[in-house]
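Visitor: I should like to learn how to read the interior of a protein model. Could you take me through an example?

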Amino acid sequence: MIFIKTNRLLLRNFQSEDLNTLFNYRNDLNCSKYQRWENSSLEYLESLIQQNKSLKILDKKTLQLAIAINSTNEIVGDIYIGFKNKTITLGYTIDSKYQRKGYAYEILKSLIDYVFDTFPQHEIVCMVHPDNEPSLQLLKKLNFKDEGYEKSIESIVYSLS
């Protein structure tokens, strides 16, 4: 199931063949240093793929979707979407070999438009480690508002409504 298609990318369900790529970038220190994954083992990631590969709609459930290149279907990252009350939390990871190519901006811009069309009464939030300068700049470019540092989660909270 494809949720969003942009000029270069697809936001789609995970597929079984994504496992090795997902495992490789989730275990790359350059890619994962600001993430809070509790588990990035093959077994866990295979379970994550199985849980998320048959979702058909965004329906206020927590889910993880793959970001893939249109022309090759190769994944370049993934997006977490979590629902709680009227707040949607987004988390994103781009494989380090695909960073700084505008992929995160392109897919997040389209996802934000989709979310606000589908859930107009919701707010979107992202939590970013204070040292993750590229992500801080990305959220500013997407017009997120800096809500300040939250010590309990060791992150700067950004919101968009």
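Guide: The following exchange considers the nonpolar cores and then one strand of this predicted model.

Visitor: Which residues of the largest nonpolar core touch the most other members?

Guide: In soluble globular proteins, nonpolar side chains tend to be buried together. Here the largest nonpolar core has 37 residues, and I79, I81, L90 and F144 touch the most other members. Helix α4 (residues 103-118) supplies the largest share of this core, seven residues. Another core, of eleven residues, lies apart from it and includes L19, I49, A66 and I75.

Visitor: What does F144 touch, not counting residues up to four places away in sequence?

Guide: The contacts of F144 are I112, I124, C126, L139, Y158, S159 and L160.

Visitor: How should one read the two faces of a strand, and are those of β3 buried or exposed?

Guide: In a regular strand the side chains alternate between the two faces of the sheet. In strand β3 (residues 63-69), L63, L65, I67 and I69 lie on one side and Q64, A66 and A68 on the other, and all are buried. Because seven of its seven residues are buried, β3 is largely enclosed by the rest of the structure.

Visitor: Which residue stands opposite A66 in β4?

Guide: A66 faces D78 in β4. Strand β4 (residues 75-84) pairs with β3 in the antiparallel sense over six bridges. Strand β2 (residues 9-12) is also antiparallel to β3, joined by four bridges, and R12 stands opposite A66.

Visitor: Where does a positive phi occur in the hairpin of β3 and β4?

Guide: N73 takes a positive phi near 70° in this hairpin, which has five residues between the strands.

Note on methods. Residues numbered from 1 in each chain as written. Predicted model: local features only at pLDDT ≥ 70, side-chain atom pairs only at ≥ 80, totals over all residues. Heavy atoms only, no water. Core = buried A, V, L, I, M, F, W, Y, C linked by side-chain atoms within 4.5 Å. Buried < 20%, exposed > 50% of the residue type's maximum accessible area, 1.4 Å probe, protein only. Contact = heavy atoms within 4.5 Å. Pairing = 2+ DSSP bridges.
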